[in-house]
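Trainee: I have a model open on my screen and would like to learn how to read its features. Could you walk me through it?

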Amino acid sequence: MKLKTAGAKGLLQLIKLEEFRLDAYESAKTYKEKTKLWHEKHINHKTFEVGQKVLLFNSRLKLFPGKLRSRWSGPFAVVKVYPYGAVETQGKSEVFKVNGQQLKPYLVDEMVPT
């Protein structure tokens, strides 16, 4: 008699454990979805057009190259925009291709968007 009740009790514990595991899986899935939506909402997507002036981030500057020296160089003109974020820019004479994440619009006499 005790074996049957012990077996039934063990089976109930296994079922509860399985339900707990499924609940944890669902809560982790919803947490990932919410954080992904929050992260994507706070990403600033940059779009560049041909002829637009841009500044290039100079990542080659090392620590303390000079007082208050800006890491942005330019302005450069956008020559061609490739899919997936690549942008071809032109300086004074050279034309080179860079990642669009290293560029920001060069605003002259315009209101800066806030």
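Trainee: Let me start with a single residue: is H42 buried, partly exposed or exposed?

Mentor: A word first: this is a predicted model. For your question, the idea is to look at relative accessible area, where under 20% is buried and over 50% is exposed. H42 has a relative accessible area of 45%, so it is partly exposed.

Trainee: Where does H42 lie, and what does its side chain reach?

Mentor: H42 lies in the loop between α1 and β1, and β1 covers 53–57. Its side chain reaches the backbone oxygen of W38 at 2.8 Å.

Trainee: How do I read the chain as a whole, and what pattern does it follow?

Mentor: Go along the sequence and note each helix and strand as it comes. Here that gives α-β-β-β-β-β, with one helix and five strands in the chain. Of the 114 residues, 12% are buried. The chain exposes about 10500 Å², and carbon and sulfur atoms supply 60% of that area.

Trainee: Which residues make the nonpolar surface patch?

Mentor: The patch is made by L11, L12, L14, I15 and L17, and its area is about 510 Å². Take L11 as one of them: it is found in helix α1, residues 2–41. Its relative accessibility is 52%, and because the cut-off for exposed is over 50%, L11 counts as exposed.

Trainee: Now the strands. Where is V95, and what is it in contact with beyond its sequence neighbours?

Mentor: V95 is found in strand β4, residues 95–99. Setting aside neighbours within four places in sequence, V95 is in contact with E88, T89 and Q90. At 45% relative accessibility, V95 counts as partly exposed. You can also compare sequence and space: V95 and F76 are 19 residues apart in sequence, and their C-alpha atoms are 9.6 Å apart.

Trainee: E88 came up among those contacts. Is E88 buried or exposed, and which side chain of opposite charge is nearest?

Mentor: E88 is buried and lies in strand β3, residues 86–90. The nearest side chain of opposite charge is K97, 5.3 Å away. A salt bridge needs the charged atoms within 4 Å, and E88 has no salt bridge.

Trainee: What does E88 touch, then?

Mentor: Not counting residues up to four places away in sequence, E88 touches A77, V78, V79, K80, Y82, V95, F96 and K97. For the whole chain, residues 24 or more positions apart account for 42% of the contacts with a separation of 6 or more.

Conventions:
Residues are numbered from 1 along each chain as its sequence is written. This is a predicted model: local features need pLDDT of at least 70, side-chain atom pairs count only at pLDDT 80 or more; totals for chains, interfaces and linings use all residues. Side-chain values use heavy atoms; hydrogens and water are left out. Patches are made of residues with over 30% relative accessible area and no salt bridge: like charges are joined within 9 Å, nonpolar side chains (Val, Leu, Ile, Met, Phe, Trp, Tyr) within 5 Å. Accessible areas come from the Shrake-Rupley method with a 1.4 Å probe; for residues, only the protein chains shown count as cover. Helices (H or I, at least four residues) and strands (E, at least two) are DSSP runs, numbered from the N terminus. Buried means under 20% relative accessible area, exposed over 50%, partly exposed in between (1.4 Å probe, protein chains only). A polar contact is a pair of N or O atoms within 3.5 Å; within protein, one must be able to donate a hydrogen and the other to accept it, and residues adjacent in sequence count only if both atoms are side-chain atoms. Contact means heavy atoms within 4.5 Å. Lys and Arg count as positive and Asp and Glu as negative; His and the chain ends are not counted.
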